[in-house]
Amino acid sequence: MSRSALSHFLILSSSSPRFTSLSSRGASRGFSRVPPLGRRSFTPSGRDPRRFQCYCSVSVSEPADSETTSPSSARKRIVSGVQPTGSIHLGNYLGAIKNWIALQNSYETLFFIVDLHAITLPYETQQLAKATRDTAAIYLACGVDTSKASVFVQSHVRAHIELMWLLSSATPIGWLNRMIQFKEKSRKAGDENVGVALLTYPVLMASDILLYQSDFVPVGEDQKQHLELTRELAQRVNNLYGGRKWKKLGGRGGAIFKVPDPLIPPAGARIMSLTDGLSKMSKSAPSDQSRINLLDSKDAIANKIKRCKTDSYSGLEFDNPERPECNNLLSIYQLISGKTKEEVVQECLDMNWGIFKNLITDALIDHLHPIQVRYEEIISDPAYLDGVLAEGAARATEIADATLNNVYQAMGFLRR
Ligand code: ATP
Ligand code: MG
């Protein structure tokens with residue numbers, strides 16, 4: 001099993017892995033080929049996973065259950081998803097989706113559209129289905145290849161909600177009250193608008209991951225705390241219901257869930273807002289000026305970069321805490337252009353904001369244009385998209401139901 005695709009991720013596990021990040025020059029170059037519709041998969045060209053080298057020691061728990069793993073899962077498994085809560089932006093792309101493309105070559109991958117999470121805050125019922133389809137089409141347009149990865153809609157696999165209920169009974173409420181994202185989002189929404197689901201969202205997220213006995217979960221830094229909760233919950237349920245107790249109930253015994261490790265990319269893990277270098281770029285931020293959406297027109301991109309927040313220092317530099325906007329824009333430019341950090345430093349050291357803004361605008365337009373062309377092709381073929389999602393849900397259901405049946409058994413339920 002090649003670990004090469006993991007080299008640009010931080011793997012946060014209890015065993016404190018060593019890691020040195022390597023720049024992945026070329027791995028983020030734009031796509032140059034637009035395959036015709038009708039093909040089963042949309043794959044980017046010019047990507048060579050061998051460019052990645054692994055400098056990290058990876059700690060992976062033993063497979064929890066040979067019964068829940070299929071023959072093809074001799075490969076390590078990865079799951080990840082994005083909420084259909086609005087327009088997919090550069091943060092989602094650089095922090096999550098773009099990284100999936102390299103991972104799908106070496107791992108068994110399941111990428112889903114987490115629509116059940118999208119209702120945790122007030123939302124437009126008329127928009128949800130469309131946003132779900134759009135998100136699926138963007139995954140494919142960005143290079144998720146359905147001959148390698150399963151793509152599905154979370155609510156199409158009922159086991160997610162069932163397992164969430166079972167896990168809820170084992171989740172101390174204090175764990176949920178500690179979640180930073182709950183505190184931030186509930187403060188913004190105002191107490192009257194905060195539903196219980198915003199608090200219990202991390203239990204659903206744990207169910208999304210644990211159902212698939214996932215080895216790794218690639219996410220942006222904002223999800224680190226939720227991943228930690230998932231790991232703790234997996235261990236807690238394994239202790240409460242697994243092992244000998246499960247065996248006495250006729251089960252296999254041993255661990256019910258595999259304990260997953262988060263993969264956090266060292267660059268792109270936290271893309272910041274264009275209007276405030278200290279807040280993360282978010283779909284739910286009220287101002288559209290704060291983010292570059294993957295489907296933004298050339299004019300919109302140019303306009304947002306023109307108006308984005310900068311500073312009055314001379315020259316441009318990474319990693320100066322006094323200059324969060326500068327660090328953010330240089331990082332975006334680095335990731336979008338596929339250059340190394342050193343190359344960007346050399347190129348931009350003496351630039352003024354006017355020249356740099358033209359440079360990053362052109363780089364963004366060049367990078368996003370082929371994705372936008374492919375998106376249009378995919379979204380205009382609903383039958384193709386429906387087929388992809390149905391196939392993905394069937395595969396996911398097979399894996400998820402096996403785990404769910406084990407949990408019911410281990411928790412002592414009378415089965416049909
Ligand atoms: P919302 O504001 O509705 O929570 P979001 O922009 O945070 O939306 P999510 O759907 O919650 O997007 O997250 C999808 C994935 O994108 C997750 O893996 C998350 O870690 C990653 N992500 C979200 N925002 C950023 C960001 N600014 N930088 C890097 N990764 C991000
Ligand atoms: Mg979010």
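Here are some short exercises with worked solutions on a predicted model of a protein chain.

**Exercise 1: A pair of rings**

Find out how the rings of F152 and Y212 are arranged, and say whether the pair is stacked, tilted or edge-to-face.

*Solution.* Let's begin with the whole picture: a search of the entire structure gives nine aromatic pairs. Two numbers are needed for each of them, since a pair of aromatic rings is described by the distance of the centres and the angle of the planes.

Step 1. For F152 and Y212, the ring centres are 5.9 Å apart. Rings count as a pair if their centres lie within 6.5 Å.

Step 2. The planes of the F152 and Y212 rings meet at 55°, so this pair is tilted. An angle under 30 degrees would count as stacked, and one over 60 as edge-to-face.

Step 3. Now place the two residues along the chain. F152 belongs to strand β4 (residues 149-153), while Y212 is in the loop between α6 (196-210) and β5 (216-218). They are 60 residues apart, and the pair links distant parts of the chain.

Step 4. Finally, look at accessibility. F152 has a relative accessible area of 0%, so F152 is buried. Y212 also has a value of 0% and is buried.

**Exercise 2: Another pair to classify**

Work out which class the pair Y408 and F413 belongs to, and decide for each residue whether it is buried or partly exposed.

*Solution.* Step 1. The ring centres of Y408 and F413 lie 5.1 Å apart.

Step 2. Their planes stand at 85°, so the pair is edge-to-face.

Step 3. Buried means under 20% relative accessible area. Y408 has 12%, so Y408 is buried. F413 has 41%, so F413 is partly exposed.

**Exercise 3: Rings in company**

Name the members of an aromatic cluster, then find which charged side chains sit over the rings of W175 and F318.

*Solution.* Step 1. One aromatic cluster is formed by W100, F111 and Y139.

Step 2. Over the ring of W175 you will find the charged end of R236, 5.5 Å from the ring centre.

Step 3. Over the face of F318 lies K341, at 5.0 Å from the centre of the ring.

**Exercise 4: Cysteines**

State how many disulfides there are, and whether C142 and C308 are buried or exposed.

*Solution.* Step 1. A disulfide needs a pair of cysteine sulfur atoms within 2.5 Å. The count by this rule is zero.

Step 2. C142 has a relative accessibility of 1%, so C142 is buried. C308, with 6%, is buried too.

**Exercise 5: Empty space inside**

Describe the largest cavity: what is its volume, and which residues line it?

*Solution.* Rolling a probe the size of a water molecule over the atoms shows where empty space is left.

Step 1. Across the whole structure, the search finds one cavity of 30 Å³ or more. The largest cavity holds about 70 Å³ of space.

Step 2. Its lining is made up of Q83, T120, Q181, F182, K185, L198, Y201, P202 and H226.

Step 3. Two helices, α5 (180-189) and α6, each give at least two residues to this lining.

Step 4. Sorted by class, the lining of the largest cavity has four nonpolar, four polar and one charged residues.

**Exercise 6: Positive phi angles**

Say where Q213 and D319 lie, and give the phi value of each.

*Solution.* Step 1. Q213 is in the loop between α6 and β5. Its phi is positive, about 50°, although Q213 is not a glycine.

Step 2. Q213 has a relative accessibility of 2%, so Q213 is buried.

Step 3. D319 is in the loop between α9 (298-307) and α10 (324-337). D319 is not a glycine either, and its phi is positive, near 60°.

**Exercise 7: Far in sequence, what distance in space?**

Give the C-alpha distances for K76 and E108, and for V259 and S214.

*Solution.* Step 1. K76 sits in the loop between β1 (10-11) and β2 (77-82). With a relative accessible area of 28%, K76 is partly exposed.

Step 2. K76 and E108 are 32 residues apart along the chain, and their C-alpha atoms are separated by 6.1 Å.

Step 3. V259 is in the loop between α8 (243-248) and β6 (261-264). At 12% relative accessibility, V259 is buried.

Step 4. From V259 to S214, 45 residues apart in sequence, the C-alpha distance is 7.7 Å.

Conventions. Residues numbered from 1 in each chain as written. Chains lettered and ligands numbered in written order. Predicted model: local features only at pLDDT ≥ 70, side-chain atom pairs only at ≥ 80, totals over all residues. Heavy atoms only, no water. Phe/Tyr/Trp six-rings, centres within 6.5 Å; stacked < 30°, edge-to-face > 60°. Helix = DSSP H or I, 4+ residues; strand = E, 2+ residues; numbered from the N terminus. Buried < 20%, exposed > 50% of the residue type's maximum accessible area, 1.4 Å probe, protein only. Lys NZ or Arg CZ within 6 Å of the ring centre and 35° of its normal. 1 Å grid on protein atoms, 1.4 Å probe; cavity = no way out; pocket = protein on both sides within 12 Å on 5 of 7 lines; lining within 4 Å. Points joined across faces, edges and corners; volume = space filled by probe spheres on them. Nonpolar A, V, L, I, M, F, W, Y, C, P; charged D, E, K, R; others polar.
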